[in-house]
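Here's a walk through one protein model, written for someone who likes to know the cut-offs. Have the viewer open and follow along.

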Amino acid sequence: MNEGDTQVPSELAKYAIEQLVGYALHQGLLGTYDADYGRNQLLELYGMDENYQGEETINIPTTPADVLHTLIDYGYKIGLIPDNSTTYRDLLDARIMGLLTPRPSEVIAKFQNLSESEGIAAATDDFYQLSVASNYIRMDRVVENLYWTKETIYGEMEITINLSKPEKNPKEIAMAKLLPPPIYPKCQLCRENVGYAGRLNHPGRQNLRVIPLELNEEAWFFQYSPYVYYNEHSIVFHHDHVPMKLTKSTFKRLLDFVGKFPHYFIGSNADLPIVGGSILTHDHFQAGRHVFPLEKAKIDANYGHTLHPGVQLSVVDWPMSVLRLNSQDPDALLHAADEVYSTWKEYEDADSEIIPYTHSTLGEDAIPHHTVTPIVRRGAEGSYEMDLVLRSNLTSAEHPDGIYHPHQDMHHIKKENIGLIEVMGLAILPGRLKDELGTIALILAGNEQLYNETTEGLHPELSPHLRWIKELILEHGNTFTFEAAEELLRQEVGRKFSEILAHAGVFKRTDAGRIALHKFITHLGYSKSS
């Protein structure tokens, strides 16, 4: 509609419905014979008996964001949502787009037909576009994420400040605490989320679609993540709500996946607290079409094994402890990987602070500390390649959050677990850093008053950064332009991320650490080949 239009709000909403139906037709969400049906579904939602009757030509948008904004505003006005908060707006957003998204069986049939006729890459291309077009992947938010790179001695690290995942306001958090524990769906990864309306403590998923898979002769599903951290960020999740547990079967599932999706990588978070992912209650993996810094890292040394003649083991030059296995035979790779994992779980080297178990003071069973973060991809000439990142969740009095976890002097940048994505060299940093770094840039650009207020504790959000700010001023001064200060901070954050990964490395990248890692590899029965 033209700016300054005097039509009543209901007419604006009717016009927006026509725009959204046109968008859905253009994007392939609706077929030609679905248009009237889709329009009528939206009219019913808004309690309208007739469609837009104006003479103005319908302007078809290329993205749904602005049209949805209009429809959600009107939905709030007529009581479709009780509050105009981001959470309730998102619930209505999913409800609207769910009316225009093809049924699950239609999406699955198209994916399977494309895969058979044009190949799996064509099928994932189409499915990804559907996930964007249906607004399940909120590209209007994804584009707000900050991204940059930092060259380090290990190669180029990728840094993001993720702003696409909405944060709840204090009122919503307080209300959510009053709700009973979830029964259905049990978690946000369960298959029952498809088409689910959502609630205050659970997102709406009417526009979610998933693709069934068979991995290791088990039922799994494939979908895209609504919060895109990298290209074609995907989630592969178990048919049932079963907890994550790394076993030989885990490796088999990962290898099966890249056999079916050779253009994607896939990986799993570790299965222990501190070194694990954010959701350990539902077995799942993350996949996608992205070349991470870890994949491009140099190789320190290569090893061979007489009992695994078709498998090469390599030590990757990376701040964490990464063993790379490569073979043309996925079964040979599977057995070699399971041997590394099984041995690592029990391996002890007290001199290097490698301790596989401890006992609680209550005399309970031994508490395991060793696991791995596995990542699988297809290598050169179709080979299968698996990175096993050695992990330990051991704690100490000095490092109660984890010896191999971001140390406390890094918590002002990141204190959360180092998960799969960060292991591969892509930092996912909290959204709070956007404003905090902007304020620090002002200090480095010479704002003395702001600096003095920060040292006096008048800006509590900057208090965790105060030591770092003083170090930056001491080393670089505070006479930058604002733009130069921002660039300095980006590079310094990238450097800190590399240090954080080094904290998470079990065998340090020192002479002593390399000797200790070589000791473990020879314990496995491998001999250096180059």
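## Odd backbone spots

Glu381 sits in the loop between E13 and E14; helices (H or I, at least four residues) and strands (E, at least two) are DSSP runs, numbered from the N terminus. Though not a glycine, Glu381 has a positive phi of about 55°. With a relative accessible area of 77%, Glu381 is exposed. The cut-offs here are under 20% relative accessible area for buried, over 50% for exposed and partly exposed in between, using a 1.4 Å probe and protein chains only. Before going further: this is a predicted model, where local features need pLDDT of at least 70 and side-chain atom pairs count only at pLDDT 80 or more, while totals for chains, interfaces and linings use all residues. Residues are numbered from 1 along each chain as its sequence is written, and side-chain values use heavy atoms, with hydrogens and water left out.

Asn135 also has a positive phi, about 65°, without being a glycine. Its place is the loop between helix H6 (120-133) and helix H7 (139-142). Is Asn135 buried or exposed? At 7% relative accessibility, Asn135 counts as buried. Then there's the peptide bond from Tyr184 to Pro185, which is cis with omega near -20°; Pro185 is in the loop between helix H8 (170-177) and E3. For background, most residues other than glycine have a negative phi, and most peptide bonds are trans.

## The eleven-strand sheet

The strands on either side of the Glu381 loop belong to an open sheet of eleven strands, ordered E3-E4-E5-E7-E6-E13-E14-E10-E9-E8-E16 with antiparallel pairing. Two strands pair if DSSP finds at least two bridges between them. At the edges are strand E3 (211-215) and strand E16 (527-528), each pairing on one side only. Strand E13 (residues 370-378) and strand E14 (residues 384-392) are antiparallel and share nine bridges, with Val372 partnered by Leu390 in E14.

Further along, E9 and E10 pair antiparallel over four bridges, and a hairpin of five residues connects them. Leu313 faces Leu325 in E10. On the other side, strand E8 (residues 299-304) and E9 run antiparallel with four bridges, and Asn302 has Ser314 of E9 as its bridge partner. E9 is mostly covered, with four of its five residues buried. Helix H11 (residues 330-346) lies across strand E9 (312-316), strand E10 (322-327), E13 and E14, running at about 5° to E14. Axes are lines fitted to C-alpha atoms, for helices over the stretch in contact, and angles run from 0 to 180 degrees between N-to-C directions.

## Two cores

Which residues touch the most other members of the largest nonpolar core? Out of its 102 residues, they are Leu20, Ile96, Phe222, Val236, Phe257, Leu325 and Phe507. A nonpolar core here is a set of buried Ala, Val, Leu, Ile, Met, Phe, Trp, Tyr and Cys residues joined through side-chain atoms within 4.5 Å. Apart from it lies another core of 47 residues, including Trp148, Tyr154, Val389 and Leu444.

Leaving aside neighbours within four places in sequence, Leu325 is in contact (heavy atoms within 4.5 Å) with residues including Leu333, Ala336, Val340, Tyr384, Met386 and Tyr526. Phe222, in strand E4 (residues 218-224), counts as buried at 0% relative accessibility. Under that same sequence exclusion, Phe222 has contacts that include Phe127, Val236, Phe257 and Tyr264.

## The small sheet

Three strands make an open sheet in the order E1-E2-E15, with mixed pairing. Strand E1 (146-152) and strand E15 (426-429) are the edges, each pairing on one side only, and the twist averages 20° from one strand to the next. E1 and strand E2 (residues 155-161) run antiparallel, joined by seven bridges; Lys150 stands opposite Met157 in E2. Helix H16 (residues 482-504) packs on this sheet, touching E1, E2 and E15, with its direction at about 65° to that of E1.

## Overall numbers

The protein chain has 17 helices and 16 strands. Its radius of gyration is 26 Å, close to the 24 Å from the globule rule for 530 residues, so the chain is as compact as a globular protein of that length. That radius is taken over C-alpha atoms, and the rule is 2.2 Å times the number of residues to the power 0.38. Buried residues make up 52% of the 530 residues.
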